[in-house]
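This report covers the ligand site, the pockets and cavities, and some backbone details. The sequence and structure come first.

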Amino acid sequence: MLSNSQIQTWKEEGAVICQLPAPVVDPALTWLNVNFTLDQIDRNHMDFGTPDRKFEFPTFINPIDDLVLSEPLILAAQKLLGTQDVRLIQADLWPKIGVADELHEAQANTDQRMHMDYGNNTVLHPQWDTPDVVAAVVYYDDCDETGGGTAYVPRHGVDDPIYQPPYVNMPGQAGNPFFNDRAAVESWFKENDPNVYELRQQLYEREKVVQFKPGTILFYRHDLWHRGRPLVAGKLRRVHNLAWKRADARGVSHWNEGFARKSYYGNVESIIGRSTPLQRSVLDFPLPGDDYWNIERLKNVEARFSAYGFDAAVYLQELKTKPSV
Ligand SMILES: O=C(O)CCC(=O)C(=O)O
Ligand SMILES: [Fe+2]
């Protein structure tokens with residue numbers, strides 16, 4: 001899905017846009033176009049995320065969960081992070097509906113302030129040359145109808161004045177109050193920190209807007225300046241926010257609830273059962289050949305999941321070919 005030059009763009013500029021393969025996105029689109037339409041959505045839900053966390057992975061809606069665990073996405077995350085060992089930390093499908101009024105309250109999500117996402121995803125601070133996380137937005141609608149393309153600011157090399165760490169020139173960082181709305185934020189900075197206000201004005205001047213069709217994906221980083229923009233009034237935009245971290249990343253939180261929490265009813269279990277080793281690995285189920293495995297662990301896990309289709313053979317095979325210590 002990603003060429004070497006696209007990977008390079010993500011590493012240098014912080015974002016890259018491409019189209020998901022039809023077999024990955026089409027089943028989800030078909031489901032959404034029947035089951036997640038304007039008349040089925042609570043118009044009072046105006047914030048980020050699914051109401052009641054309903055469409056956070058695992059949703060137990062197979063076309064939605066299958067997209068989240070699709071191998072082309074995992075392979076893309078592996079390539080961008082430069083490691084085989086990646087973990088899913090976020091998968092949330094959510095609606096945004098365009099509103100007619102131009103004035104928004106300070107925490108409104110309609111016309112977002114420029115921000116980076118690391119702030120509520122890690123207790124540490126990102127380092128540009130060693131990215132720990134790849135984030136993505138999958139779009140299920142057409143921006144020609146809905147508007148609301150995400151805006152982002154590509155980084156221009158190490159000397160780019162707006163990408164000089166520490167990245168604290170935003171709401172909610174280093175003692176700055178947190179507001180979501182662009183107007184509320186920028187008027188606060190204008191009043192309280194004119195230098196930061198000036199710097200932030202450059203962000204808006206330099207912003208590029210994602211043009212999307214159903215199945216477009218924006219791969220970005222948690223240290224990319226970006227923001228959500230207003231939609232056409234009355235229109236619905238459905239997106240999936242996804243993120244993966246390097247397995248060895250420090251400080252990075254899990255956005256979704258723990259994936260095992262909804263076990264016992266066969267749904268989580270059948271995700272484990274029907275997935276490939278690569279797909280399981282993003283849920284922290286070790287790959288075949290991982291040092292974690294020994295015969296006892298394998299037998300126990302097999303006892304737990306074989307009723308749901310789990311086949312231990314490939315794990316067993318790798319165990320046999322591994323030199324014993
Ligand atoms: O809605 C969008 O296009 C972006 C949303 C976003 O960046 C956020 O909520 O952190
Ligand atoms: Fe964001």
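A cavity here is a set of grid points, on a 1 Å grid over the protein atoms alone, where a 1.4 Å probe fits but cannot get out. Lining residues have an atom within 4 Å of such a point. The model is predicted.

**Enclosed space**

A search of the whole structure finds two cavities of 30 Å³ or more. The largest cavity holds about 50 Å³ of space. Its lining consists of M46, K96, I97, G98, N109, T110 and L231. By class, that lining has three nonpolar, three polar and one charged residues.

The second largest cavity has a volume of about 40 Å³. It is lined by D85, R87, S281, D284, F285, P286, L287 and D290. Four charged residues appear in this lining, with three nonpolar and one polar.

**Open pockets**

The largest pocket has a volume of about 630 Å³. It is lined by 31 residues. Nearest its centre lie Q112, R113, H115, D117 and N120. Three strands, β2 (86-97), β7 (225-227) and β8 (236-246), each supply at least two lining residues. The lining divides into ten nonpolar, 15 polar and six charged residues.

The second largest pocket has a volume of about 270 Å³, and 14 residues line it. Two or more of its lining residues come from each of α8 (267-274) and α10 (295-305). A260, I272, L283, F285 and F305 lie nearest the centre of this pocket. Its lining has eleven nonpolar residues, one polar and two charged. F285 thus has two roles: it lines the second largest cavity and lies among the residues nearest the centre of the second largest pocket.

**The ligand site**

Where does ligand 1 sit? It sits in the largest pocket. Around ligand 1 are F48, W94, Q112, H115, D117, T150, H226, G228 and R237. This shell divides into two nonpolar, five polar and two charged residues. Q112, H115 and D117 belong to the shell, and these residues are also among those nearest the centre of the largest pocket.

Three side chains each place a polar atom by an oxygen atom of ligand 1, at the distances tabulated here.

| Residue | Partner | Distance |
|---|---|---|
| R237 | oxygen atom of ligand 1 | 2.7 Å |
| H115 | oxygen atom of ligand 1 | 3.0 Å |
| D117 | oxygen atom of ligand 1 | 3.2 Å |

Taken alone, ligand 1 exposes 300 Å². The protein buries 91% of that area.

**Backbone details**

Most residues other than glycine have a negative phi, and most peptide bonds are trans. Some sites in this model depart from that pattern.

Which residues does a cis peptide bond with omega of about -5° join? They are F57 and P58. P58 lies in the loop between α2 (22-35) and α3 (62-68). F60 is found in the loop between α2 and α3 as well. Its phi is near 65°, a positive value in a residue other than glycine.

Another cis peptide bond runs from P165 to P166, with omega near 0°. P166 lies in the loop between β4 (151-153) and α6 (182-192).

Definitions and conventions: Residues numbered from 1 in each chain as written. Chains lettered and ligands numbered in written order. Predicted model: local features only at pLDDT ≥ 70, side-chain atom pairs only at ≥ 80, totals over all residues. Heavy atoms only, no water. Near = heavy atom within 4 Å. Polar contact = N/O pair within 3.5 Å; in protein donor to acceptor, adjacent residues only side chain to side chain. Areas by Shrake-Rupley, 256 points an atom, 1.4 Å probe, with all protein chains shown as cover. 1 Å grid on protein atoms, 1.4 Å probe; cavity = no way out; pocket = protein on both sides within 12 Å on 5 of 7 lines; lining within 4 Å. Sits in = over half its atoms within 2 Å of the grid points. Nonpolar A, V, L, I, M, F, W, Y, C, P; charged D, E, K, R; others polar. Points joined across faces, edges and corners; volume = space filled by probe spheres on them. Helix = DSSP H or I, 4+ residues; strand = E, 2+ residues; numbered from the N terminus.
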